Amino acid sequence: MSHIRPLALGSALAAVLLLSGCGAELDAEAGTEASEEVTVKRCGESVPYKVPRRAVAYEGGSADKLFSLGLTEHVHGYVMPPANPPVSRSPWASEYAKVKMLSDDLLNKEIVVQAKSDLVVAGWNSGFSDQRGITPKILDKLGIQSFMHTESCFNYPKYPQKETPFNALYSDLERLGKIFRVEKKADRVVSDLKKRVAAVKQKAPGGDPVPVFLYDSGADQPFTAGSQVPPNDIIRTAGGRNIFDGLDERWTQVNWEAVTRAEPEVVIIFDYGDQPAKKKIEFLKKSPHTRELPAVKKNNFFVLNYNEGISGPRNVDGLEKFGTYLRELKR
């Protein structure tokens, strides 16, 4: 899972633009090189890839990246754990409908082998896991290719790689473009995302950045976003400041005292299947740790959809929505 918790596991126009030109373009761009190998980085490791025909995606971010590049015909299916919102809400709902739902549980080796997959797309320490016995190295030995989200690579053993979350997203799309031989399509998709990000940044409010706390879960200790996950870039680009941007972590546990000291003026509620946003807001309004926070007293809550917060094209949808929210915020 791209997002890990303790004890557990856009716009319509943009979607149309990202989905345009699928099958014919793929065939034309691939040409005669489709059967040959191309070397692409998997985190910091150079790996040879053949064009996959039966890709398996873990979670919405992975599938969205493939669908945004027009690769539906190369996707065999997806694994979607309970936290992920229904795929019917995705801008690529019609593409999800064309491929198989393989499991609603965590990623495991049996699912991949049974699907006769030739590529698995997931994150490190989330979809891929030493504990669950499904890692790139294990799949390599089985002759199954794998691709990891760059956003999850900063602590990958032996081959770490560190990028800011948005740059990691662009890098993933470009690398997948090379693997599937659709570089031109990837360039267009990335260019469009960058333009949308730049537009939000240009309109960001002036003055001191608004202190923002992302609340994922946790009663005794809150679970939040460090600097290595997309919400940090969403907050920063829109004109805010993640109060835990100094933590060189992905999703991480902190303490309530640190939240109180930071006096956040906005709370982002990370919304996913098994913990509705409404209940999280009710908790923050009642908890002695948070009920006196400026954001809570002013009812400054912004709900970020799960797939807008894990690495994927919908990060930019979340950014645009949060950018609008901050511009309209009365301080």
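**Exercise 1. Where does Thr-135 lie, between which strand and which helix?**

Solution. The model is predicted. Thr-135 sits in the loop that runs from strand S6 (119-122) to helix H6 (136-141).

Next task: decide whether Thr-135 is buried or exposed. Step one is the cut-off: a residue is buried under 20% relative accessible area and exposed over 50%. Step two is the value: Thr-135 has a relative accessible area of 6%, so Thr-135 is buried. Step three lists the contacts: leaving aside neighbours within four places in sequence, Thr-135 touches Trp-124, Phe-128, Ser-129 and Asp-130.

**Exercise 2. Classify the aromatic pairs Trp-124 with Tyr-156 and Trp-251 with Phe-270.**

Solution. The structure holds 16 aromatic pairs. Trp-124 and Tyr-156 have ring centres 4.9 Å from each other and planes at 75°, and this pair is edge-to-face. The two residues come from distant parts of the chain, 32 residues apart: Trp-124 is in the loop between S6 and H6, and Tyr-156 is in the loop between strand S7 (145-148) and helix H7 (165-179). Both Trp-124 and Tyr-156 are buried.

For the other pair, the cut-off is needed: planes under 30 degrees apart count as stacked. The planes of Trp-251 and Phe-270 are at 15° and their centres 4.9 Å apart, so this pair is stacked. Trp-251 belongs to strand S11 (residues 251-253) and Phe-270 to strand S12, with their positions 19 residues apart in the chain. Trp-251 and Phe-270 are both buried.

**Exercise 3. Describe the surroundings of strand S8 (residues 210-215).**

Solution. Start with burial: 6 of the 6 residues of S8 are buried. Then sort the side chains by direction. In a regular strand, side chains alternate between the two faces of the sheet. In S8, Val-210, Val-212 and Leu-214 point one way, while Pro-211, Phe-213 and Tyr-215 point the other way.

Now find the partner strands. S8 runs parallel to strand S10 (residues 240-242), joined by 3 bridges; within this pairing, Val-210 has Gly-240 as its bridge partner. S8 also runs parallel to strand S12 (residues 266-271), here through 4 bridges, and Phe-213 stands opposite Val-267.

Finally, Phe-213 and Tyr-215 belong to one aromatic cluster together with Phe-244, Trp-256 and Phe-283.

**Exercise 4. Which residues touch the most other members of the largest nonpolar core?**

Solution. This core has 59 residues, and those touching the most other members are Leu-66, Phe-180, Val-266, Ile-268, Phe-270, Phe-322 and Leu-326. Take Val-266 as the worked case. Not counting residues up to four places away, Val-266 touches Val-210, Pro-211, Val-212 and Phe-213. Its other contacts are Ala-295, Asn-300, Phe-322, Tyr-325, Leu-326 and Leu-329. A second, separate core has 19 residues, among them Cys-43, Val-79, Phe-128 and Met-148.

**Exercise 5. How many residues of helix H3 (residues 59-68) are buried?**

Solution. In H3, 10 of the 10 residues are buried. The list includes Leu-66 and Phe-67, but also Glu-59, Asp-64 and Lys-65. Just after H3, Gly-70 adopts a positive phi of about 75°. For the whole protein of 331 residues, 57% count as buried. The accessible surface comes to about 14000 Å², and carbon and sulfur atoms account for 50% of it.

Definitions and conventions
Residues are numbered from 1 along each chain as its sequence is written. This is a predicted model: local features need pLDDT of at least 70, side-chain atom pairs count only at pLDDT 80 or more; totals for chains, interfaces and linings use all residues. Side-chain values use heavy atoms; hydrogens and water are left out. A nonpolar core is a set of buried Ala, Val, Leu, Ile, Met, Phe, Trp, Tyr and Cys residues joined through side-chain atoms within 4.5 Å. Buried means under 20% relative accessible area, exposed over 50%, partly exposed in between (1.4 Å probe, protein chains only). Contact means heavy atoms within 4.5 Å. Two strands pair if DSSP finds at least two bridges between them. Accessible areas come from the Shrake-Rupley method with a 1.4 Å probe; for residues, only the protein chains shown count as cover. Rings of Phe, Tyr and Trp (its six-membered ring) pair if their centres lie within 6.5 Å; planes under 30 degrees apart count as stacked, over 60 as edge-to-face and the rest as tilted.
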